[in-house]
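User: Could you take a close look at one helix pair in this model for me, and then set it beside the other parts you can describe? I'd enjoy one connected walk-through.

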Amino acid sequence: SPLFHGGNEVKSCAVVKYSSAPPPAAYALLQEKTDLKLPPANWLRESPKLGPAGATILGTSKKSKPFSSFGMAYDFIDSVGNDVDVVSDSENIKKLLKIPYSKSHVSIAVHRIGRTLLLDELDIQELFMRSSQTGDWAWLKEFYQRLVDQKWQRKKKSKEHWYQKAILSKFLYYSINGDEAAEPVSTTEDQTESKTEEQSEEGTASWPAPFEAPSSVSEDANAPKQGSVPFEISYMLGHVASATKEQNLTTLFNEGENSQKGLKNDFVRNILWTFEDIHMLVGSNMPIFGGGRYPAVSLRLSRDSNKPINVLTGIDYWLDNLMCNVPELVMCFHVNGIVQKYEMIKTEDIPSLENSNFSTKVIKDIAQNILSFLKSNCTKEGHTYWLFKASGSDIVKLYDLTTLCEEATEDKYQNPFTMPVAILLYKVASNMMLKKSQNKKYYGTIRTLLLNCIKLLDKDRHPQIIASAVYMLSELFQLDEPKREDNVESPLTGNSDDSYSEEEEEMPDSDEMSSFSNGSDPSYDNKAVAIIKSVGELSVPEKYKSTHQIRPSSTFLVCHDTEERCRLVLGYVLEGLKTVDCSIKKEGDLPSADPSTPIPLKYEAESKSGGPKALEKQMALFLDKMVTPQGEVHLPTRSGMLPGSWQYKMKLQLVHKASKAYYVLSDAATTLQKYGRALRYIKLALQCHDTFCCLSANLLPEVLLSLSQCLTLCGDIQLMLAQNAKNRAAYLEEYSYQTKEDQEILHSLHRESSCQAFGWATDLSTDLEYQLSVSCKCYEAAHEFLLSCDGNDQKTEQLTQVLKRMGNIRNEIGVFYMNQAAAIQTERATSKGVSATEQELWKKSFACFEKGIQNFEAINDVTNTALLRCNTGRLMRICAQAHCTIENDFKRGEFSSEEALYYHKAIDYYLKALRSLGKREMHTAVWDSVNWELSTTYFTMATLQQDFAPLSRKAQEQIEREVTEAMMKSLKYCDIHTESARQPLCQYRAATIHHRLASMYHSSLRNQVGDEHLRKQHRVLAELHYNKAVKLFQVLKDAPCELLRVELERVAFAEFQMAGQSSNATKLKTLTGALDVMMECESAFHLFRKELALDQEQQAYGENKEENTSGSNLSSNLNTEEVLKLLDIFESRLSFLLLQLIKLLTSTKKKTSGISDEEAMLKSYKQVYSTLLRATSDKKSTLEQRVKVLIDVLNHLSFRNATNVTGTL
């Protein structure tokens, strides 16, 4: 509610966060002349209308407690460190804002938690009284006497002070309205005052003894037992991975432990007060009355209406009403305890009262300056600062008591605030960690809080808190880097069930402390952190405007490098493990081990590995141990930890965290292809899991998923090691290296376990088969663990990945065995029969492929299912090749029935692969590959049947039918139309098939006698396939030999037909057609010439190179020997055709007279024939020359034919 005073705007807003007070009670107007010196009948009795303050000595609480701000901070932990600037008792706030107006001393303890300052009264008088009795605070007393007041002695409060306290208390009890209104009772003033003073002294807050002080020195019955912490620490940690991340974070306190003496939030109200731009969490015990026209008023007692209140009292009343949002003040005036009258004053009018006039803007400036001064100089979290102003002095000094304590004594617990501050740092950090939507930008704040908490604590006294803090530090570095929501502010939430107390208004003129010593320069103090040389400076606007960063050291350590981030996590984990191990008492039963001595990492040689069979036994024992549910563990662990103890739970958390860090390191090393390092890290991760399993009776889903991930990655690494055997030496060096940090973590693990349960999975072997088997067993173990844990989305996704890897590794092993069988088959080329070793390898390979297919089918991976079926088809083809028969002369025998059987099995698997894919669009490359393999199988089987016909078992006609059927199916799966890298191969295969079919029909036609219809059919089919073969070979442009061979066969086919012809005209037509076929070969000879020219260029280039001794090796695709043979045949057949044409035309000419086209053709044929004879007779002609002559001859024939055709037309 904004307030305006004299043109000066003051923004003030108070929100009650918690209140234990009953609804405001109407106050009773006391009759004039009421004697307040007489106690009412209900005095000092508990009254619901006064709330919990009713039974206290003066109607208000005893002295403010030293840790009152901590009590509030514990209850409103969400506000600390973020939203609130100050947490304090309202009395401390008033003291600070009255510094420029008051000569009284100020002694405030200041602590920083994030951006929040905690303010508590530091009662030097009480501390020094204790020091005089016990000697506990001698260092602070000595410092105070040396620098502040050399003649300090305890000063008792005046009798007048206690008299005014008693008058106020009686007035409040008189003011209670209703049936319980008090009546005066007779007593003497002296007795009342004596009782009051005595009980007030007893009600004064007492300071806790320093931790572990001698037990014989305590004389304060209200102080906690010495030698122990004044509050119970109960570390509650849920079973690892059994809850969400929020629940896994540790909780330090049990419910209600804040109520321990000295740490209790005992204010009636906790108010979030915003004064200008300052946000404060304030504790107040001011009684508020209400009812009727006045819903909320505060009651005040003034001594004389003729003597108005002073500035200090006015500021006091005004601030109290602002903080509690009370709009009016009721003043009761009395003279010597006799009531005179009442006066109602509005809160906004208080600054304008006579003799109490003050500027609200100045108060605002004072507040801003003090806050800026403190924030600029109280920079170290965990340190206790002391803001001190001596009575009568204008100088305000700020000391760092933590530093002074460390200089004076080695015991940090001589500072009474050390433990509460450490606990608060921990609780604030823990609260931030628990927030799901916490922005990552606060991680720097959390890290600083925890580091300062650890710095304040002693490992021997508080190992639980330290271990929990370092675990939370490790949690800051999210190894999987999850996405977080940004710009989410933490709400101010909290509640409390604590009691009511209040400090009476300050007596402005009381002199409780000695005045400032003027024996030296008051502005000089080398022990002070900062000094305000004059309190008047606080009234100057923005005099102490803070330029200091709120948290200079809170920037979170950003680790872009995965290894660096994991190493930081492991460093914190190691610190936590050391803390836990040191706290365990039982050491005698453990084997001695030096953490600086490397623990050997087993290197598995091929001769010692035992092979896959030994691996099977290890796996069976391992799975029986890990998957079979165990009963609850009640016995101590190897190190002496008891299940359920904080050490037990914390070690589980730390070991699990270490396993995650090592897993991430291994994954990163795998990405970098550092497989030796990756295997070392995954070995450490699995050793952590082994320890976890030894500690925990039953593995929970999160642990099982993590273990499955580790085994899956281990399988990946073993597979990569198997595939990169050439770098084994480098991998072995990486695998054998160990850091000191890793050694120490292993040492802690060995306190609980032998860490050998996963040894079978992490040994670096030199045997390829063993590595592949280990990889497969890792995946199988991961699969078993996933099946044994409860289902969720993560499990389903992980299970799919594991099954995919199982299918892949089984494919790898199947291919490995298949290749071994193929190698044995190659080596036994001259032997007979299939060996038992080959058959065993086939069985192993086939079993792996079958299991792999089942794995891929389980996840509906049709592509990989098709590929494995394709590999199984390849295995069947290898089996078929192994069953080929060899004759005594080492020549291949007939195509056997075993070969046919295995080829048909291969075809079945290829067809199944196609059916699993469904259509080409599913996976184009795989579809084309399977089609090609299927076409190859049909082609190979047909070729073998054709070349090595099983005539001993089948008739020629049946063989031809089977060959034709297989060849046509091969053509069906040979895609010559789709443009792809394999298209030329498909075209060549199709051309070869047509050529073979044409040759087969040609051969059948030659050998057949009788059935003219069948002969005609074979002749037509032969011509058809020859034509198709020629067209395809012409398209290829790179198969001139094949093209020439087909053309020569066509010529031979024509010659065979001519032999059965009797008519000259028919013969002439056949010969002319054959000559046309010969002329079509011109394109093949052009390709020959091009290839020969290319060879000559390459040979010339090779001769110019010293390193090339022979240019012949640089020839492209031309087989010179084959070309020469084909040229000889071509020249021979061309000469024969020309000779036959000349003879036929000559005989025709004798029967006819006159010049005709035949004469011109005859002349041309003779000329070409003559040229060809001269060329063939020259034995010295080179290949290039012969090709050139043939090109010229064919060109001449083509030209003459074209001329003749034109002339005829």
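Analyst: Happy to! In this predicted model, the contact to look at joins P463, I466, A467, V470, L473 and S474 of helix 13 to a set of residues in helix 14, namely V569, Y572, V573, E575, G576, T579, V580 and S583. Sorted by class, that contact holds nine nonpolar, four polar and one charged residues. The charged one is E575, since Glu belongs to the charged class, and E575 sits on the helix 14 side.

Now for the geometry. Two packed helices are described by the angle between their axes and by the distance between those axes. Helix 13 covers residues 463–476 and helix 14 covers residues 562–583; the angle between them is about 165°, and their axes lie 8 Å apart. Helix 13 is therefore roughly antiparallel to helix 14, because an angle over 145 degrees counts that way. As for handedness, helix 13 and helix 14 make a left-handed crossing.

A second pair makes a good companion. Helix 11 (residues 418–434) packs with helix 12 (residues 443–456) at an angle of about 150°, and here the axes are 9 Å apart. That angle makes helix 11 roughly antiparallel to helix 12, and the crossing of helix 11 past helix 12 is left-handed. On the helix 11 side, the contact is made by T418, V421, A422, L425, Y426, V428, A429, M432 and M433. Their partners in helix 12 are T445, I446, L449, L450, N452, C453 and L456. By class, the contact between helix 11 and helix 12 has 13 nonpolar, three polar and no charged residues.

Further along the chain, S845 belongs to helix 24, which spans residues 836–858. With a relative accessibility of 0%, S845 counts as buried. Leaving out residues up to four places away in sequence, S845 touches G814, Y817, M818 and L875.

L985 gives another view of a helix residue. L985 lies in helix 29 (residues 983–1007) and, at 48% relative accessibility, counts as partly exposed. Between L985 and W932 there are 9.5 Å in space, C-alpha to C-alpha, although the two are 53 residues apart in sequence.

Two loop residues deserve a look at their backbone. Most residues other than glycine have a negative phi. K33, however, has a positive phi near 80°. K33 is in the loop that runs between strand 3 (12–19) and helix 1 (68–75), and its relative accessibility of 61% makes K33 exposed. N325 also has a positive phi, near 60°. The loop that holds N325 lies between helix 8 (311–324) and strand 11 (328–335). N325 is partly exposed, at a relative accessible area of 44%.

Finally, stepping back to the whole chain: the protein chain has 36 helices and 17 strands, and 53% of its 1209 residues are buried. Of the contacts between residues at least 6 apart in sequence, 77% join residues at least 24 apart. The chain's accessible surface is about 54,500 Å², with 50% of that surface belonging to carbon and sulfur atoms.

Definitions and conventions. Residues are numbered from 1 along each chain as its sequence is written. This is a predicted model: local features need pLDDT of at least 70, side-chain atom pairs count only at pLDDT 80 or more; totals for chains, interfaces and linings use all residues. Side-chain values use heavy atoms; hydrogens and water are left out. Axes are lines fitted to C-alpha atoms, for helices over the stretch in contact, and angles run from 0 to 180 degrees between N-to-C directions. Helices (H or I, at least four residues) and strands (E, at least two) are DSSP runs, numbered from the N terminus. Angles under 35 degrees count as roughly parallel, over 145 as roughly antiparallel, 65 to 115 as roughly perpendicular and the rest as oblique. A crossing is left-handed if the near helix is turned anticlockwise from the far one by less than a right angle, and right-handed if clockwise. Contact means heavy atoms within 4.5 Å. Buried means under 20% relative accessible area, exposed over 50%, partly exposed in between (1.4 Å probe, protein chains only). Accessible areas come from the Shrake-Rupley method with a 1.4 Å probe; for residues, only the protein chains shown count as cover.
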